[in-house]
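Visitor: I should like a close look at the sheet in this model. Please take me along it strand by strand.

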Amino acid sequence: MKLSEFKNQLSSITELNFVLPNGTIVPQHFHVTEVGQVTKHFIDCGGTVRNEIVVNFQLWEANDFDHRLAPQKLKDIIALSEKVLGIQDAEIEVEYQSDTIGKYGVEFNGKQFNLTSKLTACLASDKCGIPVEKLKVNLKDLQTENTGSCCTPGGKCC
């Protein structure tokens with residue numbers, strides 16, 4: 001989700017909630033301790049130089065159980081970050097403490113923000129020899145245009 005979409009969704013809610021991929025709700029007394037822009041300049045395993053930019057939110061919870069961050073307050077924090085830091089309208093990445101610092105994507109379900117799992121991947125699979133995964137199919141499940149299953153007795157495939 002891009003920052004502009006996130007800000008639009010903040011306008012549609014009265015309570016700010018984040019839900020982890022396993023369904024656990026981030027405790028309502030969380031703080032947003034950072035809003036920033038992260039630029040990653042790197043070279044992939046195929047030798048291609050790449051630049052990635054994300055808007056980063058860091059969620060943190062303390063023992064101040066009465067704390068609640070209102071959607072408008074987060075919009076104000078974002079506006080200040082855009083003004084002072086020149087943050088771009090990029091994809092949002094959320095950091096939250098799990099076994100280590102977890103990084104998540106964000107989706108909105110109409111009521112709350114769902115943190116989505118992020119996965120690693122080879123960006124140069126065409127250059128580093130990773131074989132294309134073949135589709136596994138049972139021969140008995142193959143269909144022909146006119147006869148239905150072709151690999152059954154009387155299926156006329158042989």
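Guide: The answer below follows the sheet from one edge to the other.

This is a predicted model, in which local features need pLDDT of at least 70, side-chain atom pairs count only at pLDDT 80 or more, and totals for chains, interfaces and linings use all residues. Residues are numbered from 1 along each chain as its sequence is written, and side-chain values use heavy atoms, with hydrogens and water left out.

The open sheet is formed by 6 strands in the order β1-β6-β5-β4-β3-β2, with mixed pairing. β1 (18–19) and β2 (30–43) stand at the edges with a single partner strand each, so one side of each has no neighbour in the sheet. Here strands (E, at least two residues) and helices (H or I, at least four) are DSSP runs, numbered from the N terminus. Two strands pair if DSSP finds at least two bridges between them.

At the β1 edge, 2 bridges join β1 to β6 (residues 113–117), and these strands run parallel. Val 19 stands opposite Asn 114 there. On its other side, β6 is joined to β5 by 5 bridges, and these two run antiparallel; Val 106 has Leu 115 of β6 as its bridge partner. The hairpin of β5 and β6 has 4 residues between the strands, and Gly 110 takes a positive phi near 100° in this hairpin.

Next, β4 and β5 pair in the antiparallel sense over 4 bridges, with Gln 97 opposite Ile 101 in β5. The hairpin from β4 to β5 passes through 3 residues.

At the other edge, 13 bridges pair β2 and β3 in the antiparallel sense, and Thr 39 stands opposite Ile 53 in β3. Their hairpin has 5 residues between the strands, and Gly 47 takes a positive phi near 90° in this hairpin. Helix α2 (residues 71–85) lies across β2 and β3 (49–61), running at about 40° to β2. That angle is taken between N-to-C directions, from 0 to 180 degrees, with axes as lines fitted to C-alpha atoms, for helices over the stretch in contact, and contact means heavy atoms within 4.5 Å.

Finally, the structure holds 6 aromatic pairs. Rings of Phe, Tyr and Trp (its six-membered ring) pair if their centres lie within 6.5 Å; planes under 30 degrees apart count as stacked, over 60 as edge-to-face and the rest as tilted. The ring centres of Phe 18 and Phe 30 are 5.4 Å apart and their planes are at 80°, so this pair is edge-to-face. Phe 18 lies in strand β1 and Phe 30 in strand β2, 12 residues apart.
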